[in-house]
Amino acid sequence: MLALFIRDMRLGIRAGGGALVGVLFFLAVVAVVPFGVGPDLNLLARIGPAILWIGALLASLLGLDRLFQADREDGSLDLMVLADSRHMLALTVATKCLAHWTASVLPLVIASPLLGLFMNMEPVGIAATTLTLLVGTPAIAFVGAVGAAVAVSLPRGGLLVSVLILPLAIPVLIFGVSAAYGAVADPNPFLPPFMILCALTLGFAVVGPLAAALALKFGLD
Amino acid sequence: MSETAAARPARWSDLANPTRFIALADRLVPWLAALSALVLALGLWLAFSAPEDYQQGITVRIMYIHVPFAWLAMICYSIMAVSSLGTLVWRHPLADVSVKAAAPIGAVFTLLSLITGSIWGKPMWGTWWVWDARLTSVFVLFLMYLGLIALTRALDDPGKAAKAAAVVTLVGFVNIPIIKFSVDWWNTLHQPASVIRLDGPTIHPTMLWPLLTCAIGFTLMFVTLHLMAMRTEIWRRRVAAMRRMAARAADAKETGGREAGR
Amino acid sequence: MRLIAENLGAERGGEPVFSGVSFELSEGDGLVVTGPNGSGKSTLLRVVAGLLPLAGGAIRLDGGGEDWPDLQAACHYLGHQNAMKTALTVEENLRFWQEFCGAPHMEIAEALEMVGLPQVASLPFGYLSTGQKRRVSIARLLVSWRPVWLLDEPTAGLDAASEKQFAALMAAHLQDDGIIVAATHIPLGLEGVKALRLEGATRC
């Protein structure tokens with residue numbers, strides 16, 4: 001499993017992997033928002049966590065459709081399914097998700113404090129948003145694996161994956177943003193939505209890979 | 001499909017055979033169509049003869065179609081989830097037909113419930129749309145229907161499309177309560193519940209009866225439509241299979257000719 | 001150890017591809033599957049590997065013991081694609097499959113020597129020619145031990161010398177009490193193996 005993780009990391013980071021493009025996309029999305037809503041710093045500070053979360057959500061959907069497609073095209077996926085009795089396929093899927101997350105979403109989480117400064121957010125808000133992104137974005141990768149597995153044999157499945165996954169990712173977004181706001185705005189609590197966010201990530205970490213493994217097995221041809 | 005199966009448990013195994021299913025559907029559809037038209041007519045007549053609400057006036061009549069639409073939107077997804085289990089676990093050959101046929105019907109009912117809801121909402125709340133918890137959940141449900149339709153149409157092989165759709169349907173089914181819960185949370189966080197109350201006054205029997213009749217009528221209509229859509233889908237698959245056989249036969253003739261010429 | 005297939009049937013997209021295929025292979029046996037295009041050679045191999053569902057019949061591995069509880073665990077599958085990443089070097093690719101598949105058999109340098117490519121270990125896989133890629137892919141069979149080899153057109157893209165080399169590798173595997181099922185339309189140069197011919201689609 002570690003070997004798989006390292007391989008996918010290498011592929012993500014080396015040229016052609018496109019992991020850094022995700023970070024650039026994130027930067028671009030967040031940078032465009034002030035042009036849309038105007039340079040009012042108070043307003044930006046208020047909607048900052050939401051912008052960061054939406055940007056992260058879109059950016060982490062970006063490379064998801066290639067999660068299994070590349071392996072299917074060169075035949076690696078067959079061998080991974082074949083090794084089911086040695087490495088359970090769901091675990092293989094989970095490892096691939098984690099590698100995808102580490103290579104293409106984690107840099108984006110690391111970049112988010114900087115963008116928080118651009119958005120004129122308070123230090124506490126920035127810390128909270130970064131923390132919620134760190135905890136919440138793996139859930140998107142795990143649930144995204146289902147979409148990626150289902151659309152694995154489609155040549156242009158990228159859009160379809162996003163359409164299928166976005167509704168499922170709504171709870172993650174809601175609790176991520178709620179927790180981030182909870183840290184700043186006084187009457188709103190921080191801990192309960194944050195705990196629910198953790199629970200969502202853990203839950204999706206189980207459901208997502210299992211369902212994706214099922215879909216992959218059925219999707220072979 | 002579940003309704004017909006529940007009505008005649010003995011036919012469950014018979015239904016696995018597409019030919020028998022088509023025969024059964026052929027016999028049932030006219031009766032069901034007539035029955036649903038009858039019940040719907042009765043329900044609508046009752047709805048229009050029911051007293052108007054003292055607060056909401058004539059607009060309350062929208063409720064008689066809005067509520068059944070919303071109800072069917074959920075029923076349809078449940079049926080799809082059960083059918084998905086049928087595809088994945090019991091490998092019932094008609095289950096995937098059922099999923100594929102139900103998705104567009106469910107989407108239409110969901111859309112209708114959204115439209116009637118906003119027509120009702122305009123005079124009541126003064127706006128076509130509010131990001132109320134319930135509306136938002138239904139909207140997300142609508143998005144999921146559309147995603148599923150796109151998925152079932154995107155894959156060529158019906159078997160593969162069915163299994164992919166079944167996995168997504170089930171994941172969605174697990175997710176719907178979570179989405180509902182999270183949207184409730186989100187809503188109470190952002191706006192107090194006092195602004196909108198969909199519940200209205202507790203329902204009076206004079207309104208309950210027309211509502212129930214309409215609900216039954218629309219459910220019958222849904223069953224009819226679903227049966228018809230399934231029948232169409234089976235026929236479509238047969239046509240596809242025949243075309244493939246024709247292509248195969250042409251190929252065989254060609255190679256046969258070549259070998260004879262050699 | 002015995003690989004037993006009884007009355008196998010398979011379908012693709014609801015159309016039967018073949019049916020009633022039976023064979024029995026014990027240690028040291030090879031089976032060469034031939035037949036015209038579309039007769040289901042690749043499908044047969046994928047069915048044996050468990051990558052496609054069976055439409056009929058049964059397939060099992062007897063006497064695999066603790067190490068090889070089922071057929072999937074006991075086989076190497078060499079498909080049309082090479083299952084290698086072009087962005088990684090040959091060594092990285094092979095090392096990954098060795099660690100992922102477990103049961104290490106040969107060193108990577110040794111395996112590359114066996115396929116006649118000792119110098120390429122540090123080159124990116126994408127830089128190799130088609131035949132070289134295929135040979136690296138064959139080296140994958142050597143770095144981890146699996147008793148059963150399922151080979152789908154293994155010699156596609158190989159030149160005559162490499163074909164001979166590969167025939168020797170297969171013979172060595174059979175000598176080591178391995179089992180080989182190979183689908184091909186080119187003679188593989190294997191002595192004393194069973195043959196199975198699929199007629200497939202041309203019958204009316």
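Leaving aside residues up to four places away in sequence, A:Ala151 touches A:Gln69, A:Gly157 and A:Val161 in this predicted model. You'll find A:Ala151 in the loop of chain A that sits between α7 (123-150) and α8 (158-184). Is A:Ala151 buried or exposed? With a relative accessible area of 4%, A:Ala151 is buried. Another residue to look for here is A:Gly219, 68 residues away along the chain, whose C-alpha atom is separated from that of A:Ala151 by 8.8 Å.

**A kinked helix in chain A**

Staying in chain A, have a look at helix α3, which covers residues 41-62. Where does α3 kink? The kink lies at A:Ile47, shortly before the proline A:Pro49, and comes to about 55°. That proline is one of the buried residues of α3(A), and A:Gly48 is another. Further along the helix, the buried residues include A:Ile51, A:Leu52, A:Trp53, A:Gly55 and A:Ala56. The N-terminal end of α3(A) has a cap: A:Asp40 places a side-chain oxygen 3.1 Å from the backbone nitrogen of A:Asn42.

**Chain B: helices and some shaky stretches**

Chain B has seven helices and zero strands. Its order of elements from the N terminus is easy to remember: α-α-α-α-α-α-α. Among contacts in chain B between residues at least 6 apart in sequence, 81% join residues at least 24 apart.

How confident is the prediction here? Chain B averages a pLDDT of 78, and 80% of its residues score at least 70. Residues 1-10 of chain B are a weak spot, with pLDDT below 50; this stretch has 13 contacts in the model beyond near neighbours in sequence. Another such stretch is residues 191-197 of chain B, where pLDDT stays under 50 and the model has five contacts beyond four places in sequence. Where pLDDT is low, the predicted coordinates should not be read in detail.

**Chain C: a mixed fold**

Chain C has six helices and eight strands. Reading along its sequence, you meet them as β-β-β-α-β-α-β-α-α-α-β-α-β-β. The C-alpha trace of chain C spans about 50 × 40 × 35 Å along its principal axes. A compact globule of 204 residues would have a radius of gyration near 17 Å, and chain C agrees with that at 17 Å. Of the contacts in chain C with a separation of 6 or more, 71% are between residues 24 or more positions apart.

Here are some whole-chain values for chains B and C.

| Quantity | Value |
|---|---|
| Buried residues, chain B | 45% of 262 residues |
| Buried residues, chain C | 53% of 204 residues |
| Accessible surface, chain B | about 13400 Å², 69% from carbon and sulfur atoms |
| Accessible surface, chain C | about 8500 Å², 49% from carbon and sulfur atoms |

**A helix tucked away in chain C**

Now zoom in on α1 of chain C, residues 41-49. Why can α1(C) be called largely enclosed by the rest of the structure? Because eight of its nine residues are buried. Those buried residues are C:Lys41, C:Thr43, C:Leu44, C:Leu45, C:Arg46, C:Val47, C:Val48 and C:Ala49.

C:Arg46 is worth a stop on the way. At 8% relative accessibility C:Arg46 counts as buried, and its side chain makes a polar contact of 3.2 Å with the side chain of C:Tyr77. After α1(C) comes C:Gly50, with a positive phi near 80°.

**Two more positive phi angles**

C:Glu153 isn't a glycine, yet it has a positive phi of about 45°. This residue sits in the loop between β6 (148-152) and α6 (160-175) of chain C. C:Glu153 is also buried, with a relative accessible area of 11%.

Then there's C:Asp177, which isn't a glycine either and has a positive phi of about 65°. Its place is the loop of chain C between α6 and β7 (179-183). How much cover does C:Asp177 have? With a relative accessible area of 41%, C:Asp177 is partly exposed.

Key:
Residues are numbered from 1 along each chain as its sequence is written. Chains are lettered from A and ligands numbered from 1 in the order in which they are written. Side-chain values use heavy atoms; hydrogens and water are left out. pLDDT is the predictor's confidence in each residue, from 0 to 100. Contact means heavy atoms within 4.5 Å. The bend at a residue is the angle between axes fitted to the seven residues ending there and the seven starting there. Helices (H or I, at least four residues) and strands (E, at least two) are DSSP runs, numbered from the N terminus. Buried means under 20% relative accessible area, exposed over 50%, partly exposed in between (1.4 Å probe, protein chains only). A polar contact is a pair of N or O atoms within 3.5 Å; within protein, one must be able to donate a hydrogen and the other to accept it, and residues adjacent in sequence count only if both atoms are side-chain atoms. Accessible areas come from the Shrake-Rupley method with a 1.4 Å probe; for residues, only the protein chains shown count as cover. The radius of gyration is taken over C-alpha atoms; the globule rule is 2.2 Å times the number of residues to the power 0.38.
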